[in-house]
Structures are given as C-alpha cells and as structure tokens.
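Here are some notes for a colleague who is looking through this model, set out as numbered points. Please read them alongside the sequence and the coordinates.

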Amino acid sequence: MIEERDYTQAKQPANDAAVRLLSTEGNTRVTLQQLGLCGNYTGYNYLLMAVDLALQGIEVGKPLYAMIASKHHAKYNTIRQDIYTCIHRAQRSNPDLYSRITGHSPQVGAFATSSFITCLAQWVRTYDAYLVCDDGHLPRPVWQKKA
C-alpha cells in the first residue's frame, strides 16, 4: 500500500522562524533540478515517486516499478525505461553531482536504474537540510557552500 503524504506543511526548525526545512519531496525535486532534470521528462515524476517509495521502505526493483505503473496506468518496463532516460540526462548534465550521489564515474557507463534510485534516496535522506528563506528562494545547499 502506498502511503499518501501531505507535503503542504513544511517542518519548522525550533530555533529560527525565518527559515524552514523543505520536505523530502522538496529535497528530491531540488536535487533533480541540480542534476539537470525537469518536469518535461516523463520519467521525472516516476523518479520522484520511486524515491519517495524507496524512502518508505519499499524494495527497489520490479515491485516498485509495478506500484508506480499501476498508479500511472503504464507498463513497468515503460516506467523503468523513462527513469533510465532521466539517469542518462543527469550523467550528462551534472557529472560532478551525479558522481557524488552515486559514487560512480559518469565516464564508466550507465548506472542501473534501481541502484540510482537507492543512491538518490540515500542522498535525500542524508542531506535533508535544504534551507528556504522567507522570500522563497533557495540558497546553495550546505554541501556546496564555499568556505
């Protein structure tokens, strides 16, 4: 069963009301944008859902693709292929961030779809610290700030 989440309420830090934390889905969206992906790719929304399901503990692989396929009325192979297209785009668009997320050099070749989803979910879980200012703009993530 897919857990429905309400992302309208952002988590509030206890000590600073001027800054709020993005939801996990917000972090995933920002990370995908940094990787050069946008909503124009069919696999973008599939990838968002896949990461969310992976964070909920659903096994990454055929069961996960089947859940997404049933929700979007598509075949699971289509879901996997569309996500794979997004992975290739991310490899070409931002190879530095791609290799930091996956630990895999983009020059070596394609990364397995299920492995990428797992790495991206771990990245979002680990770096759940994007800050959004009151005016709504996103400053650089903590790991990209210059000293």
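1. In this predicted model, the contact of α2 with α4 is made on the α2 side by T42, G43, Y44, Y46, L47 and A50, and on the α4 side by I79, D82, I83 and C86. Sorted by character, the residues of this contact divide into seven nonpolar, two polar and one charged.

2. As for the geometry of this packing, α2 and helix α4, which covers residues 76–93, meet at an angle of about 100°, and their axes are 8 Å apart. Because angles of 65 to 115 degrees count as roughly perpendicular, α2 is described as roughly perpendicular to α4.

3. Helix α2 itself runs over residues 42–55, has 14 residues, and reaches 21 Å from its first C-alpha to its last, which is close to the 20 Å expected at 1.5 Å a residue. Just after α2, G57 takes a positive phi of about 100°, a backbone value that you may wish to look at in the display.

4. How many of the residues of α2 are buried? The helix is mostly covered, with 12 of its 14 residues buried; among them are G43, Y44, Y46, L47 and A50, each of which also takes part in the contact with α4. The buried residues of α2 further include L48, M49, V51, D52, L53, A54 and L55, so that D52 is found in a list with several leucines.

5. Turning to helix α6, which spans residues 113–126, T113 is found in this helix, and T113 counts as buried because its relative accessibility is 7%, against a cut-off of under 20%. Leaving aside neighbours within four places in sequence, T113 is in contact with Y65, R80, I83, Y84 and I87. I83 therefore appears in two settings, since I83 is in contact with T113 and is also one of the α4 residues that meet α2.

6. Which residues form an aromatic pair? The count comes to one such pair, formed by Y98 and F116, whose rings are stacked at 5.9 Å centre to centre with 15° between the planes. This pair links distant parts of the chain, as Y98 lies in helix α5 (residues 95–102) and F116 in helix α6, 18 residues apart.

7. Are the two partners of this pair, Y98 and F116, buried or exposed? Y98 counts as buried because its relative accessibility is 0%, and F116 is likewise buried, with a relative accessible area of 1%.

How values were computed
Residues numbered from 1 in each chain as written. Predicted model: local features only at pLDDT ≥ 70, side-chain atom pairs only at ≥ 80, totals over all residues. Heavy atoms only, no water. Helix = DSSP H or I, 4+ residues; strand = E, 2+ residues; numbered from the N terminus. Expected span 1.5 Å × (residues − 1). Buried < 20%, exposed > 50% of the residue type's maximum accessible area, 1.4 Å probe, protein only. Contact = heavy atoms within 4.5 Å. Axes fitted to C-alpha atoms, helices over the stretch in contact; angles between N-to-C directions. Parallel < 35°, antiparallel > 145°, perpendicular 65-115°, else oblique. Nonpolar A, V, L, I, M, F, W, Y, C, P; charged D, E, K, R; others polar. Phe/Tyr/Trp six-rings, centres within 6.5 Å; stacked < 30°, edge-to-face > 60°.
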